[in-house]
Amino acid sequence: MKRFRSRLLTILFLTAAYIFVWPAANVPYFAAVLLHLVAGIVLVVVLALSLRSILAAASPAQRIGWPLLALGGVLGLILIFTGTRKSDWPLLFAHVGACIAGGALLLSAWAGRRGFMVGSYLKGAVRGGVFVIAAVLVTMGAWWVRTVPWEHANRIENPQIAPATMNAEGDGPAGLYFPSSAQTKHGGRIPADYFIESDACQRCHADIYRQWQSSAHHFSSFNNAWYRKSIEYMQNTVGIQPSKWCAGCHDPALLFSGMFDRPIREVEDTPAGQAGLGCMMCHSFVKVKSSMGQGDYELEYPVMHRLAASKNPFVRQLHDFLVDLNPEPHRRVFLKPFMRNQTAEFCSSCHKVHLDVPVNHYRWVRGFNEYDNWQASGVSGLGARSFYYPARPQQCADCHMPLKNSDDFGNSGTFHSHEFPAANTALPYVNGDEAQLNDTEQFLKQDQLSVDIFAISPETAAKQAGAGATATPGPGFQTTFAVGEEAETSIPAANAAQSATPVPLLSAPLNRVNASVRGGGTYRVDVVVRTRKVGHFFPGGTVDAYDCWLELHAVDDEGQTIFWSGEVADAGKGPVDPSAHFYRSLQIDAHGNPINKRNAWATRAVVYVHLIPPGAADTVHYRVRIPESAVGHVHLHAKLNYRKFAWWNTQFSFAGVRDPSQGNPAVAPGFDDSHWVFTGGTLRIPGGGKGIPDAPIIVVAENTATLNILPASASEPAPSEALNQSDWTRWNDYGIGLFLQGDLTGAAGAFEKITKIDPNNPDGWVNIGRVRVQEGNLASAREVLERALALKPDLARAHFFYAKVLRGEGHFDDAISHLREVLTQYPRDRVVHDDVGRILFLQHKYAEARKEFDATLAIDPEDLEANYNLMLCYTGMGQPGRASEFQKRYWRFKAEESAQTLTGPYLREHPDDNTERQPIHEHVSDLASTPESPSKKYSVAPSHRNVSARSAKDPD
């Protein structure tokens with residue numbers, strides 16, 4: 001019996017070590033789990049029958065060790081029934097601790113019988129203590145082996161250099177899934193069933209499954225009418241192969257099974273075509289290869305997944321029992337460390353994209369990009385130069401997967417929301433999912449943004465609305481998305497003096513000052529839109545596909561409409577006033593047709609991009625004429641409106657067909673001259689049973705203000721300003737909006753106001769410094785930045801801009817010293833690394849400069865500045881071959897500036913878009929049109945060659 005007990009203990013401790021140190025979802029591992037369980041039960045039975053006799057002849061160490069093992073065994077029996085979920089960890093730790101301590105004392109007794117540290121009770125006690133401590137140390141080492149290599153192996157790290165072409169991404173042109181960068185670990189296909197078995201997960205995660213059912217992830221594929229139409233159109237235009245670029249993040253069941261190799265209309269209504277992004281998609285990632293996006297991940301096909309999804313109830317119960325008994329292998333298969341520790345990089349695999357020759361038959365073009373601006377912003381805690389910082393850094397899941405309570409078996413009390421609350425109101429609307437629509441609407445309205453009717457000033461010049469700084473192609477034209485703090489600068493290069501905001505003439509902030517206007521007068525009203533809780537550009541996602549605009553409506557006391565910019569035709573259901581201030585990316589194809597069919601592959605030029613970075617603001621200008629007939633007061637109402645999707649795109653997605661009367665329009669990968677009519681049937685379209693839906697318009701934020709109306713004969717009211725402490729942020733936001741549109745004079749005036757409100761706040765001085773640096777006024781910049789540093793010596797953004805002053809003055813070493821201070825606090829700010837590298841390059845310290853640019857590429861391998869300067873560094877170091885590699889990347893990522901010539905004819909035909917393109921512009925109101933008679937006001941959009949007027953909305 002003694003030998004039997006020894007063998008049982010050997011089996012138990014060996015299997016325990018294996019189970020603890022090397023958890024894995026495979027047959028040998030679960031065989032060890034079952035062996036450990038059976039051996040433990042047997043040992044408990046043996047001890048129950050013989051523990052008294054064992055203790056009668058035991059040494060002091062054994063008298064403690066055997067009861068501890070018995071206790072551990074009993075706790076183990078309990079764990080068989082309770083499982084080892086997080087809530088059961090105290091019981092599990094007690095089981096492990098009792099067994100380790102008991103085993104260590106038995107081993108101590110065994111050593112004593114062989115003469116180790118014997119002769120006295122004290123030596124025996126010391127011996128026992130040594131063995132217990134040794135057991136603890138061994139356990140700690142086992143924990144290190146279990147944890148640290150696993151964490152290290154599951155980190156997201158960028159390659160040292162980006163691919164030179166798209167052909168080097170993923171598996172390349174010969175790959176099964178190209179041009180998506182997606183790969184499988186085994187290099188082969190994965191059955192479609194694997195991706196459509198999410199219902200197997202609800203046995204333990206019912207709350208998560210229920211939320212996912214309503215989420216946009218679930219409706220990412222051909223159960224989504226807008227996506228469905230875009231892929232049908234894409235395959236008709238450029239073929240099947242390029243459309244795999246989309247499938248890597250939208251259609252895993254079709255792509256990885258090979259079904260996407262067929263024309264999509266053959267498979268879009270199959271279960272695989274309706275699956276969307278199920279649990280097995282995101283949770284089967286074994287690797288995210290970079291933060292370059294584009295589906296740059298690797299999937300694993302778990303060997304034991306069939307147990308979970310088996311139709312055999314015994315097999316399912318066995319699977320669930322093993323998972324409950326030891327969840328760690330399941331967790332390691334479906335919840336990699338990077339999913340929790342590098343959430344943003346994990347999400348970047350699909351929420352950041354680019355297009356290139358295999359997709360667009362053109363060149364590299366940045367698509368939408370949620371990651372880079374977040375990474376460089378104050379929201380991430382990684383950017384050194386933001387205007388605002390949250391109380392603590394935030395990642396994607398903090399907003400889009402907030403913690404929820406749950407009693408589900410697999411959720412341990414809380415879980416991250418799988419509704420993925422964001423901004424897609426269209427899908428729950430057409431799906432009739434009122435709960436999801438309400439949650440989405442509430443999310444959008446949770447102070448994500450604010451609108452502030454801030455200032456009014458009298459007309460200062462008879463200039464046309466839209467006059468302003470020259471729209472010189474700059475960083476914003478290097479992408480179809482936008483450029484923010486991830487670039488050296490994103491403000492316009494020009495600053496036209498005639499467009500500068502007349503700060504001395506302002507009456508501001510409105511609702512704080514009692515402002516008046518004169519009947520018959522013309523005034524400029526300034527409205528500020530600020531991102532508050534948004535961690536990326538607003539709006540985000542596919543910003544060519546939404547209607548997002550600022551509306552300003554003004555009436556007098558009798559309800560007479562004085563001004564209206566941004567009204568919606570058809571009683572709020574039709575297209576938006578084309579002269580409104582939009583937040584979007586307006587792109588055109590090679591023939592000047594707007595990109596409005598989700599046909600990003602045809603983009604050849606960007607007309608304008610209006611997005612607001614996180615922690616920043618946009619100042620919008622309106623030229624308002626007060627009629628002499630206006631009575632009492634002017635009541636201003638500004639609304640930030642959001643409609644997913646754009647009106648035209650919804651018409652196209654549900655009923656768009658080429659106009660049969662047009663003949664044979666010219667269509668190619670780079671353009672489509674078709675005229676579209678919206679007369680197609682809608683019954684087979686998801687959500688189209690009642691015809692073309694009227695997607696809801698959400699008011700994300702709004703504000704009102706009231707102005708007094710003076711008689712036309714009255715003198716012009718004097719400017720009035722308030723500089724209250726509570727208005728510091730309002731003045732600052734106003735200045736930020738002016739600064740980002742290139743109105744440096746106006747921005748400086750606004751920032752000077754906040755230094756008067758609170759001279760001890762260093763940000764006011766820093767913001768003036770930003771302006772002076774941009775102006776090239778280094779002496780003034782030095783003065784205000786030194787004042788900021790005196791107030792807060794460790795303020796990183798003050799050091800950054802002060803380094804620019806020093807660099808401009810030729811004090812390179814001093815500039816580097818200040819930039820090093822910034823990097824001490826923000827080691828992953830790539831613009832700072834680029835600045836240090838550039839200064840070192842100018843000092844001919846090429847090797848040192850190279851290290852800085854390499855640090856930038858570790859953050860973003862596609863960084864244009866770093867690739868360009870590495871080309872120069874290697875040239876300076878006499879390594880032309882290496883220089884040539886970075887030259888290839890530079891030319892790949894650099895914008896084709898000549899493409900802007902395509903915008904000329906388009907802008908001549910579309911004056912509203914030409915106005916919107918100007919960095920500084922004003923919006924006027926055309927009251928000749930009314931919502932009941934929109935023909936004049938809404939004639940611009942329908943005049944595009946590939947645009948049609950509204951259709952009848954009857955289903956076929």
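**Exercise 1. The disulfide**

Task: Find how many disulfides a search of the whole structure gives, and work out which parts C249 and C350 tie together.

Solution: Searching the whole of this predicted model turns up one disulfide. The partners are C249 and C350, whose sulfur atoms lie 2.0 Å apart, and this separation can be held against the cut-off of 2.5 Å for a pair of cysteine sulfur atoms. The angle about the S-S bond is -85°, and the link of C249 and C350 is left-handed. Next, place the two residues: C249 belongs to helix α8 (residues 240-250), while C350 sits in the loop between α15 (343-348) and β4 (352-355), so the pair ties together parts that are 101 residues apart in sequence.

**Exercise 2. Cysteines and burial**

Task: Decide whether C249 is buried or exposed, do likewise for C350, and then examine C548.

Solution: Buried means under 20% relative accessible area. C249 has 15% and is therefore buried, and C350, with 19%, is buried as well. C548 takes part in no disulfide, since the nearest cysteine sulfur, that of C399, is 17 Å away; with a relative accessible area of 1%, C548 is buried.

**Exercise 3. Helix α7**

Task: Check the span of helix α7 against what should be expected, and describe the surroundings of α7.

Solution: At 1.5 Å a residue, the 14 residues of α7 (residues 225-238) should span 20 Å, and the end C-alpha atoms are indeed 20 Å apart, which agrees. Of these 14 residues, 13 are buried, so α7 is largely enclosed by the rest of the structure. At the start of α7, a side-chain oxygen of N224 comes to within 3.0 Å of the backbone nitrogen of W226, whereas G239, which follows α7, has a positive phi near 105°.

How values were computed: Residues numbered from 1 in each chain as written. Predicted model: local features only at pLDDT ≥ 70, side-chain atom pairs only at ≥ 80, totals over all residues. Heavy atoms only, no water. Helix = DSSP H or I, 4+ residues; strand = E, 2+ residues; numbered from the N terminus. Expected span 1.5 Å × (residues − 1). Buried < 20%, exposed > 50% of the residue type's maximum accessible area, 1.4 Å probe, protein only. Polar contact = N/O pair within 3.5 Å; in protein donor to acceptor, adjacent residues only side chain to side chain.
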